[in-house]
Amino acid sequence: MNREYNGRLSRRGLLQASAGLLLTATLPPLRAWAASSNEYRIVAEAGRARLAGPNGPETDVWTYDGTVPGPLVRLRQGEPARLVVENRLDQETTVHWHGIRLPNAMDGVPGLTQPPIGPGESYVYEFTPPDAGTFWYHPHANSLEQLGRGLAGAVIVEERDPVAVDRDLLWLLADWRLKETGEIASGFGNRMEAAMSGHVGNTVTLNGRVSETESFRAGERVRLRLLNASLARIMALRFEGHRPMIVAIDGQPCDPHEPESGRVLLGPAMRVDLMLDLQGEPGRRYDVVDDFYDGLSYRVTQLAYDEAAPIRGHVADAPLELPRNPLPEPDLAAAERHTLTLQGGMMSMAGMSSMNGMMGGGMTGMGDGTVWAINGQSMTGDGHAGMEPALTFQRGCTVVLELRNETAWWHPMHVHGHSLRLLSRNGQPVPHHQWQDTVLMAPKDVAEVAFVADNPGDWMLHCHVIDHQMSGMMTVLRVV
Ligand code: C2O
Ligand code: CU
(Lines give C-alpha, C1' and ligand atoms only; values in the text may rest on other atoms or scores of the structure.)
(Ligands and ions follow the chains in the order given, each with its own letter.)
Protein backbone atom coordinates (compact mmCIF):
# COMPACT_ATOMS: atom_id res chain seq x y z
CA MET A 1 0.00 0.00 0.00
CA ASN A 2 2.92 2.37 0.49
CA ARG A 3 4.74 1.57 -2.72
CA GLU A 4 3.85 4.75 -4.59
CA TYR A 5 4.76 6.89 -1.63
CA ASN A 6 8.13 5.29 -1.30
CA GLY A 7 8.74 5.65 -5.03
CA ARG A 8 8.36 9.36 -4.65
CA LEU A 9 10.47 9.32 -1.58
CA SER A 10 13.54 8.06 -3.41
CA ARG A 11 13.19 10.81 -6.01
CA ARG A 12 12.95 13.37 -3.29
CA GLY A 13 16.07 11.80 -1.82
CA LEU A 14 18.05 13.33 -4.69
CA LEU A 15 17.34 16.80 -3.45
CA GLN A 16 19.96 18.71 -1.57
CA ALA A 17 19.47 19.03 2.17
CA SER A 18 21.25 20.33 5.19
CA ALA A 19 23.56 18.73 7.72
CA GLY A 20 22.36 17.28 11.02
CA LEU A 21 21.81 19.30 14.13
CA LEU A 22 25.14 19.66 15.82
CA LEU A 23 24.63 19.55 19.54
CA THR A 24 28.06 20.52 20.82
CA ALA A 25 30.35 23.40 19.87
CA THR A 26 28.04 25.03 17.32
CA LEU A 27 24.59 24.82 18.82
CA PRO A 28 21.94 26.10 16.46
CA PRO A 29 20.22 29.26 17.68
CA LEU A 30 17.63 28.16 20.18
CA ARG A 31 15.62 31.20 20.89
CA ALA A 32 13.80 29.63 23.79
CA TRP A 33 16.88 28.25 25.48
CA ALA A 34 17.93 30.13 28.59
CA ALA A 35 21.37 28.73 29.26
CA SER A 36 21.36 28.62 33.03
CA SER A 37 17.78 28.15 34.05
CA ASN A 38 16.16 25.01 32.57
CA GLU A 39 13.40 27.40 31.48
CA TYR A 40 11.69 27.44 28.13
CA ARG A 41 8.81 29.19 26.54
CA ILE A 42 7.46 27.23 23.57
CA VAL A 43 4.78 28.51 21.21
CA ALA A 44 2.62 26.13 19.19
CA GLU A 45 1.76 27.97 15.97
CA ALA A 46 1.27 27.58 12.24
CA GLY A 47 4.34 28.04 10.06
CA ARG A 48 6.02 27.15 6.79
CA ALA A 49 8.90 24.78 6.14
CA ARG A 50 10.96 23.64 3.17
CA LEU A 51 10.99 19.94 3.90
CA ALA A 52 12.79 19.00 0.69
CA GLY A 53 15.58 21.53 1.24
CA PRO A 54 16.21 25.17 0.36
CA ASN A 55 15.07 24.75 -3.27
CA GLY A 56 12.01 22.66 -2.54
CA PRO A 57 8.45 23.92 -2.22
CA GLU A 58 7.17 25.42 1.00
CA THR A 59 4.78 23.38 3.10
CA ASP A 60 2.22 24.68 5.56
CA VAL A 61 3.08 23.04 8.87
CA TRP A 62 2.23 23.32 12.53
CA THR A 63 5.28 24.14 14.58
CA TYR A 64 6.78 24.75 17.96
CA ASP A 65 8.46 28.16 17.78
CA GLY A 66 8.11 28.35 14.01
CA THR A 67 10.46 25.47 13.24
CA VAL A 68 10.13 21.81 12.26
CA PRO A 69 11.17 20.01 14.33
CA GLY A 70 10.54 22.25 17.33
CA PRO A 71 13.38 23.69 19.39
CA LEU A 72 15.67 21.24 21.10
CA VAL A 73 14.90 21.29 24.82
CA ARG A 74 18.04 20.65 26.86
CA LEU A 75 17.52 19.93 30.53
CA ARG A 76 19.86 18.85 33.28
CA GLN A 77 19.33 15.62 35.16
CA GLY A 78 17.95 16.19 38.63
CA GLU A 79 17.37 19.92 38.16
CA PRO A 80 13.89 21.48 38.12
CA ALA A 81 12.62 22.51 34.70
CA ARG A 82 9.87 24.96 33.82
CA LEU A 83 8.32 24.87 30.36
CA VAL A 84 5.63 27.34 29.42
CA VAL A 85 3.62 26.25 26.39
CA GLU A 86 1.58 28.88 24.60
CA ASN A 87 -1.11 27.75 22.18
CA ARG A 88 -1.46 29.95 19.08
CA LEU A 89 -3.15 27.23 17.06
CA ASP A 90 -6.87 27.52 16.43
CA GLN A 91 -7.60 24.32 18.32
CA GLU A 92 -6.88 22.79 21.73
CA THR A 93 -3.54 21.16 22.39
CA THR A 94 -1.38 19.72 25.19
CA VAL A 95 2.25 18.66 25.39
CA HIS A 96 3.32 15.19 26.46
CA TRP A 97 6.97 14.81 27.54
CA HIS A 98 7.42 11.36 26.12
CA GLY A 99 9.49 9.00 28.25
CA ILE A 100 10.23 11.39 31.09
CA ARG A 101 9.24 10.04 34.50
CA LEU A 102 7.39 13.05 35.82
CA PRO A 103 4.45 13.84 38.12
CA ASN A 104 1.11 12.81 36.67
CA ALA A 105 -0.23 16.36 36.48
CA MET A 106 2.61 17.25 34.07
CA ASP A 107 1.98 14.35 31.69
CA GLY A 108 -0.05 16.28 29.14
CA VAL A 109 -3.03 13.98 28.59
CA PRO A 110 -6.16 16.10 28.05
CA GLY A 111 -9.00 15.30 30.42
CA LEU A 112 -7.01 12.66 32.25
CA THR A 113 -4.13 14.74 33.68
CA GLN A 114 -4.92 18.35 32.70
CA PRO A 115 -7.50 20.47 30.94
CA PRO A 116 -6.58 21.00 27.30
CA ILE A 117 -4.79 24.26 26.47
CA GLY A 118 -7.30 26.32 24.51
CA PRO A 119 -6.38 28.66 21.65
CA GLY A 120 -4.67 31.72 23.11
CA GLU A 121 -4.01 30.02 26.44
CA SER A 122 -0.77 28.95 28.08
CA TYR A 123 0.12 26.10 30.38
CA VAL A 124 3.09 25.71 32.69
CA TYR A 125 4.80 22.34 32.90
CA GLU A 126 7.16 21.90 35.83
CA PHE A 127 9.10 18.78 36.67
CA THR A 128 12.55 17.54 37.60
CA PRO A 129 13.80 14.93 35.13
CA PRO A 130 15.27 12.02 37.08
CA ASP A 131 16.87 10.35 34.07
CA ALA A 132 19.50 11.59 31.63
CA GLY A 133 18.93 10.64 28.01
CA THR A 134 17.06 11.24 24.78
CA PHE A 135 13.34 12.00 25.11
CA TRP A 136 10.84 14.02 23.11
CA TYR A 137 7.73 16.14 23.26
CA HIS A 138 4.58 16.12 21.16
CA PRO A 139 0.88 16.98 21.48
CA HIS A 140 -1.59 14.57 23.04
CA ALA A 141 -4.66 16.28 21.55
CA ASN A 142 -5.91 15.68 18.02
CA SER A 143 -2.60 13.79 17.92
CA LEU A 144 -2.92 12.30 14.48
CA GLU A 145 -3.20 15.66 12.78
CA GLN A 146 -1.07 17.74 15.19
CA LEU A 147 1.88 15.34 15.07
CA GLY A 148 1.26 14.66 11.38
CA ARG A 149 1.50 18.38 10.62
CA GLY A 150 4.82 18.72 12.39
CA LEU A 151 4.40 19.31 16.13
CA ALA A 152 7.33 17.42 17.66
CA GLY A 153 10.68 18.19 19.24
CA ALA A 154 13.47 16.45 21.11
CA VAL A 155 14.32 16.71 24.79
CA ILE A 156 17.88 15.93 25.81
CA VAL A 157 18.46 15.52 29.50
CA GLU A 158 22.18 15.91 30.03
CA GLU A 159 24.21 13.55 32.19
CA ARG A 160 25.71 15.13 35.30
CA ASP A 161 29.19 14.45 33.92
CA PRO A 162 29.70 14.89 30.21
CA VAL A 163 30.13 11.72 28.14
CA ALA A 164 33.44 11.40 26.25
CA VAL A 165 32.58 11.72 22.56
CA ASP A 166 33.83 14.01 19.81
CA ARG A 167 30.34 15.10 18.83
CA ASP A 168 26.81 14.61 20.09
CA LEU A 169 24.30 14.55 17.22
CA LEU A 170 20.55 14.23 17.03
CA TRP A 171 18.68 12.85 14.04
CA LEU A 172 14.99 13.49 14.52
CA LEU A 173 13.41 11.38 11.78
CA ALA A 174 9.90 12.20 10.68
CA ASP A 175 7.60 10.90 8.01
CA TRP A 176 5.25 13.10 5.97
CA ARG A 177 2.62 12.47 3.36
CA LEU A 178 3.07 15.25 0.84
CA LYS A 179 1.28 16.06 -2.36
CA GLU A 180 3.25 17.01 -5.50
CA THR A 181 2.70 20.66 -4.60
CA GLY A 182 4.49 20.14 -1.31
CA GLU A 183 1.32 20.50 0.73
CA ILE A 184 0.52 17.96 3.42
CA ALA A 185 -2.14 15.56 2.16
CA SER A 186 -5.29 15.76 4.23
CA GLY A 187 -7.09 12.60 5.21
CA PHE A 188 -5.75 11.91 8.68
CA GLY A 189 -7.87 9.25 10.28
CA ASN A 190 -8.58 7.05 7.27
CA ARG A 191 -10.37 4.03 8.65
CA MET A 192 -8.82 1.51 6.29
CA GLU A 193 -5.31 2.68 7.19
CA ALA A 194 -6.18 2.71 10.85
CA ALA A 195 -7.04 -0.99 10.63
CA MET A 196 -3.71 -1.74 8.95
CA SER A 197 -0.26 -0.21 9.33
CA GLY A 198 -1.46 3.34 10.01
CA HIS A 199 -0.74 6.65 8.29
CA VAL A 200 2.63 6.01 6.61
CA GLY A 201 3.88 8.91 4.50
CA ASN A 202 6.01 9.34 1.39
CA THR A 203 8.79 11.63 2.58
CA VAL A 204 11.22 11.08 5.43
CA THR A 205 13.02 14.07 6.88
CA LEU A 206 16.08 14.23 9.10
CA ASN A 207 15.89 17.25 11.42
CA GLY A 208 13.17 18.74 9.24
CA ARG A 209 14.80 18.30 5.81
CA VAL A 210 15.15 15.50 3.31
CA SER A 211 18.85 14.75 3.79
CA GLU A 212 21.33 14.08 1.00
CA THR A 213 24.45 13.86 3.16
CA GLU A 214 25.54 14.36 6.75
CA SER A 215 29.14 15.43 7.31
CA PHE A 216 31.66 13.44 9.30
CA ARG A 217 35.36 13.38 9.95
CA ALA A 218 37.41 10.19 9.82
CA GLY A 219 38.39 8.85 13.22
CA GLU A 220 35.81 10.67 15.28
CA ARG A 221 33.45 9.05 17.75
CA VAL A 222 29.93 10.37 17.58
CA ARG A 223 27.03 9.84 19.91
CA LEU A 224 24.15 9.68 17.49
CA ARG A 225 20.71 10.08 19.03
CA LEU A 226 18.04 8.63 16.75
CA LEU A 227 14.40 9.53 17.31
CA ASN A 228 11.53 8.28 15.21
CA ALA A 229 8.81 10.94 15.42
CA SER A 230 6.65 9.37 12.70
CA LEU A 231 2.96 8.72 13.11
CA ALA A 232 3.24 5.16 11.88
CA ARG A 233 6.42 4.46 9.91
CA ILE A 234 8.67 1.81 11.45
CA MET A 235 12.34 2.09 10.49
CA ALA A 236 15.25 -0.34 10.37
CA LEU A 237 18.48 1.55 9.75
CA ARG A 238 21.63 0.03 8.32
CA PHE A 239 24.88 1.96 8.39
CA GLU A 240 26.87 0.73 5.41
CA GLY A 241 30.54 0.16 6.26
CA HIS A 242 30.06 0.96 9.95
CA ARG A 243 29.42 -0.91 13.19
CA PRO A 244 27.24 1.24 15.39
CA MET A 245 26.87 0.23 19.02
CA ILE A 246 23.55 0.71 20.81
CA VAL A 247 24.24 2.35 24.17
CA ALA A 248 20.75 3.52 25.16
CA ILE A 249 17.16 2.71 24.22
CA ASP A 250 14.32 5.15 24.86
CA GLY A 251 16.69 7.32 26.87
CA GLN A 252 17.77 4.52 29.19
CA PRO A 253 21.38 3.31 29.01
CA CYS A 254 21.84 -0.41 28.30
CA ASP A 255 24.82 -2.71 27.93
CA PRO A 256 26.54 -1.55 24.73
CA HIS A 257 25.72 -4.01 21.97
CA GLU A 258 25.55 -4.27 18.21
CA PRO A 259 22.08 -4.17 16.67
CA GLU A 260 20.67 -7.54 15.68
CA SER A 261 21.58 -8.31 12.06
CA GLY A 262 23.10 -4.84 11.84
CA ARG A 263 19.67 -3.14 11.70
CA VAL A 264 18.69 -0.49 14.20
CA LEU A 265 14.97 -1.03 14.67
CA LEU A 266 13.02 2.13 15.47
CA GLY A 267 9.28 2.01 15.94
CA PRO A 268 7.32 5.25 16.13
CA ALA A 269 8.26 7.19 19.31
CA MET A 270 11.36 5.08 19.95
CA ARG A 271 14.83 6.48 20.51
CA VAL A 272 18.14 4.72 20.16
CA ASP A 273 21.46 6.30 21.13
CA LEU A 274 24.35 4.93 19.11
CA MET A 275 28.07 5.24 19.52
CA LEU A 276 29.42 5.49 16.01
CA ASP A 277 33.15 5.23 15.38
CA LEU A 278 33.87 6.82 12.02
CA GLN A 279 36.41 4.33 10.71
CA GLY A 280 35.67 4.83 7.01
CA GLU A 281 37.94 6.47 4.44
CA PRO A 282 38.34 10.22 4.14
CA GLY A 283 36.44 11.56 1.13
CA ARG A 284 34.09 8.58 0.88
CA ARG A 285 30.33 8.40 1.33
CA TYR A 286 28.44 5.59 3.01
CA ASP A 287 24.71 4.97 2.70
CA VAL A 288 22.35 4.90 5.63
CA VAL A 289 19.43 2.79 4.45
CA ASP A 290 16.03 2.10 5.96
CA ASP A 291 14.91 -1.33 4.77
CA PHE A 292 12.13 -2.08 7.22
CA TYR A 293 9.36 -2.62 4.67
CA ASP A 294 10.07 -5.49 2.27
CA GLY A 295 11.02 -4.23 -1.16
CA LEU A 296 10.66 -0.58 -0.11
CA SER A 297 14.10 0.29 1.12
CA TYR A 298 15.35 3.82 0.56
CA ARG A 299 18.36 5.90 1.49
CA VAL A 300 17.84 8.06 4.57
CA THR A 301 21.10 9.92 4.03
CA GLN A 302 24.80 9.33 3.43
CA LEU A 303 27.64 9.63 5.89
CA ALA A 304 29.92 11.98 3.96
CA TYR A 305 33.53 11.98 5.16
CA ASP A 306 35.53 15.11 4.52
CA GLU A 307 38.99 14.83 2.98
CA ALA A 308 40.87 15.46 6.21
CA ALA A 309 43.14 12.81 7.71
CA PRO A 310 41.64 10.78 10.58
CA ILE A 311 41.66 12.71 13.85
CA ARG A 312 43.12 9.68 15.61
CA GLY A 313 44.94 6.60 14.38
CA HIS A 314 42.84 4.06 16.26
CA VAL A 315 39.30 3.68 17.56
CA ALA A 316 38.64 6.02 20.48
CA ASP A 317 39.32 4.07 23.64
CA ALA A 318 36.94 5.76 26.07
CA PRO A 319 34.36 3.29 27.45
CA LEU A 320 31.13 3.09 25.47
CA GLU A 321 28.90 2.58 28.45
CA LEU A 322 26.72 5.45 29.65
CA PRO A 323 26.06 6.02 33.37
CA ARG A 324 22.84 4.28 34.48
CA ASN A 325 19.77 6.18 35.56
CA PRO A 326 18.20 5.75 39.01
CA LEU A 327 15.45 3.33 37.97
CA PRO A 328 13.86 1.22 40.67
CA GLU A 329 14.75 -2.44 40.09
CA PRO A 330 11.68 -4.70 39.81
CA ASP A 331 11.39 -7.38 42.50
CA LEU A 332 10.38 -10.23 40.23
CA ALA A 333 9.81 -12.74 43.04
CA ALA A 334 7.09 -10.55 44.54
CA ALA A 335 5.61 -9.29 41.27
CA GLU A 336 1.94 -8.98 40.38
CA ARG A 337 1.34 -10.50 36.95
CA HIS A 338 -1.15 -9.40 34.33
CA THR A 339 -1.72 -10.02 30.64
CA LEU A 340 -2.63 -7.35 28.12
CA THR A 341 -3.80 -8.81 24.83
CA LEU A 342 -3.73 -6.65 21.72
CA GLN A 343 -6.64 -7.38 19.42
CA GLY A 344 -8.30 -6.24 16.21
CA GLY A 345 -7.26 -4.81 12.87
CA MET A 346 -7.47 -6.28 9.42
CA MET A 347 -6.92 -10.02 9.11
CA SER A 348 -7.41 -10.52 12.80
CA MET A 349 -10.30 -12.91 12.40
CA ALA A 350 -10.77 -15.87 10.12
CA GLY A 351 -8.76 -14.77 7.11
CA MET A 352 -9.50 -11.74 4.96
CA SER A 353 -13.12 -10.83 5.04
CA SER A 354 -14.40 -7.55 3.67
CA MET A 355 -13.63 -4.45 5.71
CA ASN A 356 -17.27 -4.16 6.67
CA GLY A 357 -17.45 -7.77 7.67
CA MET A 358 -14.27 -7.48 9.69
CA MET A 359 -15.19 -4.31 11.49
CA GLY A 360 -18.87 -4.86 11.80
CA GLY A 361 -19.33 -8.52 12.51
CA GLY A 362 -15.84 -9.68 13.40
CA MET A 363 -15.14 -7.47 16.36
CA THR A 364 -17.92 -7.80 18.84
CA GLY A 365 -18.73 -4.73 20.84
CA MET A 366 -16.72 -2.37 18.67
CA GLY A 367 -18.51 0.73 17.51
CA ASP A 368 -17.92 3.18 14.74
CA GLY A 369 -14.27 3.86 13.94
CA THR A 370 -13.09 1.41 16.54
CA VAL A 371 -10.89 -1.30 15.15
CA TRP A 372 -8.49 -2.21 17.97
CA ALA A 373 -8.82 -3.32 21.55
CA ILE A 374 -6.77 -4.27 24.60
CA ASN A 375 -8.31 -7.12 26.60
CA GLY A 376 -11.57 -6.59 24.75
CA GLN A 377 -11.83 -2.91 25.71
CA SER A 378 -11.37 -0.02 23.30
CA MET A 379 -10.46 3.47 24.48
CA THR A 380 -10.37 5.82 21.56
CA GLY A 381 -9.06 9.32 20.88
CA ASP A 382 -6.28 11.08 22.75
CA GLY A 383 -7.31 10.70 26.36
CA HIS A 384 -10.31 12.25 28.03
CA ALA A 385 -12.09 12.57 31.34
CA GLY A 386 -13.67 9.54 32.88
CA MET A 387 -11.36 6.90 31.46
CA GLU A 388 -11.56 3.98 33.82
CA PRO A 389 -8.31 2.14 34.51
CA ALA A 390 -7.90 -1.39 33.19
CA LEU A 391 -5.56 -2.19 36.10
CA THR A 392 -4.91 -0.56 39.47
CA PHE A 393 -1.63 -1.03 41.34
CA GLN A 394 -0.56 -0.22 44.87
CA ARG A 395 2.27 2.26 44.79
CA GLY A 396 5.65 0.51 45.07
CA CYS A 397 4.61 -2.90 43.85
CA THR A 398 6.43 -4.66 41.05
CA VAL A 399 4.29 -5.39 38.03
CA VAL A 400 5.05 -7.90 35.29
CA LEU A 401 2.96 -7.37 32.19
CA GLU A 402 2.71 -9.97 29.51
CA LEU A 403 1.93 -8.17 26.25
CA ARG A 404 0.39 -10.50 23.70
CA ASN A 405 0.00 -9.29 20.16
CA GLU A 406 -2.79 -11.34 18.65
CA THR A 407 -3.04 -9.09 15.62
CA ALA A 408 -1.40 -9.31 12.20
CA TRP A 409 0.28 -5.89 12.61
CA TRP A 410 3.21 -4.23 14.37
CA HIS A 411 2.55 -2.12 17.46
CA PRO A 412 4.97 0.12 19.39
CA MET A 413 3.37 -0.06 22.85
CA HIS A 414 4.05 2.95 25.05
CA VAL A 415 3.48 3.44 28.78
CA HIS A 416 3.45 6.88 30.34
CA GLY A 417 5.25 7.78 33.58
CA HIS A 418 7.42 4.67 33.87
CA SER A 419 10.20 2.82 32.10
CA LEU A 420 9.76 -0.87 31.48
CA ARG A 421 12.42 -3.50 31.88
CA LEU A 422 12.11 -5.84 28.90
CA LEU A 423 12.44 -9.36 30.33
CA SER A 424 11.64 -11.69 27.47
CA ARG A 425 10.34 -11.94 23.96
CA ASN A 426 8.54 -15.06 22.77
CA GLY A 427 9.90 -16.98 25.73
CA GLN A 428 13.53 -15.98 25.14
CA PRO A 429 15.22 -13.79 27.76
CA VAL A 430 16.25 -10.36 26.45
CA PRO A 431 19.86 -9.51 27.29
CA HIS A 432 21.53 -6.07 27.61
CA HIS A 433 19.44 -4.77 30.56
CA GLN A 434 17.12 -2.95 28.23
CA TRP A 435 14.65 -0.48 29.63
CA GLN A 436 12.11 0.98 27.25
CA ASP A 437 9.06 3.17 27.37
CA THR A 438 7.96 2.01 23.93
CA VAL A 439 8.11 -1.72 23.16
CA LEU A 440 7.84 -2.65 19.49
CA MET A 441 5.71 -5.75 19.09
CA ALA A 442 5.89 -7.76 15.86
CA PRO A 443 2.74 -9.61 14.74
CA LYS A 444 2.02 -12.47 17.17
CA ASP A 445 4.85 -11.41 19.52
CA VAL A 446 4.60 -12.02 23.23
CA ALA A 447 6.77 -9.78 25.41
CA GLU A 448 7.20 -9.67 29.16
CA VAL A 449 8.02 -6.37 30.79
CA ALA A 450 8.50 -5.43 34.44
CA PHE A 451 8.41 -2.17 36.32
CA VAL A 452 7.93 -0.78 39.80
CA ALA A 453 4.64 1.12 39.91
CA ASP A 454 6.19 3.96 41.90
CA ASN A 455 4.56 6.95 40.23
CA PRO A 456 1.02 7.69 41.45
CA GLY A 457 -1.68 8.68 38.99
CA ASP A 458 -3.55 7.58 35.90
CA TRP A 459 -1.17 6.65 33.09
CA MET A 460 -1.92 5.97 29.46
CA LEU A 461 -0.77 2.78 27.84
CA HIS A 462 -1.25 2.84 24.09
CA CYS A 463 0.06 1.97 20.70
CA HIS A 464 2.17 4.79 19.26
CA VAL A 465 0.97 4.18 15.73
CA ILE A 466 -1.30 7.12 16.29
CA ASP A 467 -4.15 5.83 14.13
CA HIS A 468 -4.14 2.65 16.24
CA GLN A 469 -4.30 4.66 19.45
CA MET A 470 -7.13 6.82 18.15
CA SER A 471 -9.13 3.78 17.05
CA GLY A 472 -8.97 1.80 20.26
CA MET A 473 -5.52 0.47 21.15
CA MET A 474 -5.28 2.36 24.39
CA THR A 475 -5.94 1.81 28.05
CA VAL A 476 -5.20 3.37 31.43
CA LEU A 477 -3.12 2.02 34.33
CA ARG A 478 -3.73 3.53 37.77
CA VAL A 479 -1.14 3.70 40.53
CA VAL A 480 -2.60 4.59 43.95
CU1 C2O B 1 4.36 9.73 22.94
CU2 C2O B 1 0.84 8.91 24.89
O3 C2O B 1 2.59 9.29 23.86
CU1 CU C 1 -0.57 -0.34 16.90
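**Exercise 1.** In this predicted model, decide whether Asp458 is buried or exposed.

*Solution.* Start with the relative accessibility of Asp458, which is 13%. Buried means under 20%. Therefore Asp458 counts as buried.

**Exercise 2.** Describe the surroundings of Asp458.

*Solution.* Step one: place the residue. Asp458 belongs to strand β31, residues 457-463. Step two: list its contacts, leaving out residues up to four places away in sequence. Asp458 touches Asn104, Leu112, Thr113, Val476, Leu477 and Arg478. Step three: look for a polar contact. The side chains of Asp458 and Arg478 are joined by one of 2.7 Å.

**Exercise 3.** Classify the aromatic pair of Trp97 and Tyr125, and say which strands the pair ties together.

*Solution.* The whole structure holds 10 aromatic pairs. In this one, the ring centres of Trp97 and Tyr125 are 5.5 Å apart and the planes meet at 70°. Planes over 60 degrees apart count as edge-to-face, and that is the class of this pair. Next, the strands. Trp97 lies in β6 (residues 96-98) and Tyr125 in β7 (residues 122-127), so the pair ties together parts 28 residues apart in sequence. Both Trp97 and Tyr125 are buried.

**Exercise 4.** Classify the pair of Trp97 and Phe127.

*Solution.* The ring centres lie 5.8 Å apart and the planes are at 50°, so the pair is tilted. This pair links distant parts of the chain: Trp97 in strand β6 and Phe127 in strand β7 are 30 residues apart. Trp97 and Phe127 are both buried.

**Exercise 5.** Name the members of the aromatic cluster that includes Trp97.

*Solution.* Begin with Trp97, Tyr125 and Phe127. Then add Tyr64, Tyr123 and Tyr137 to complete the cluster.

Conventions: Residues are numbered from 1 along each chain as its sequence is written. Chains are lettered from A and ligands numbered from 1 in the order in which they are written. This is a predicted model: local features need pLDDT of at least 70, side-chain atom pairs count only at pLDDT 80 or more; totals for chains, interfaces and linings use all residues. Side-chain values use heavy atoms; hydrogens and water are left out. Helices (H or I, at least four residues) and strands (E, at least two) are DSSP runs, numbered from the N terminus. Buried means under 20% relative accessible area, exposed over 50%, partly exposed in between (1.4 Å probe, protein chains only). A polar contact is a pair of N or O atoms within 3.5 Å; within protein, one must be able to donate a hydrogen and the other to accept it, and residues adjacent in sequence count only if both atoms are side-chain atoms. Contact means heavy atoms within 4.5 Å. Rings of Phe, Tyr and Trp (its six-membered ring) pair if their centres lie within 6.5 Å; planes under 30 degrees apart count as stacked, over 60 as edge-to-face and the rest as tilted.
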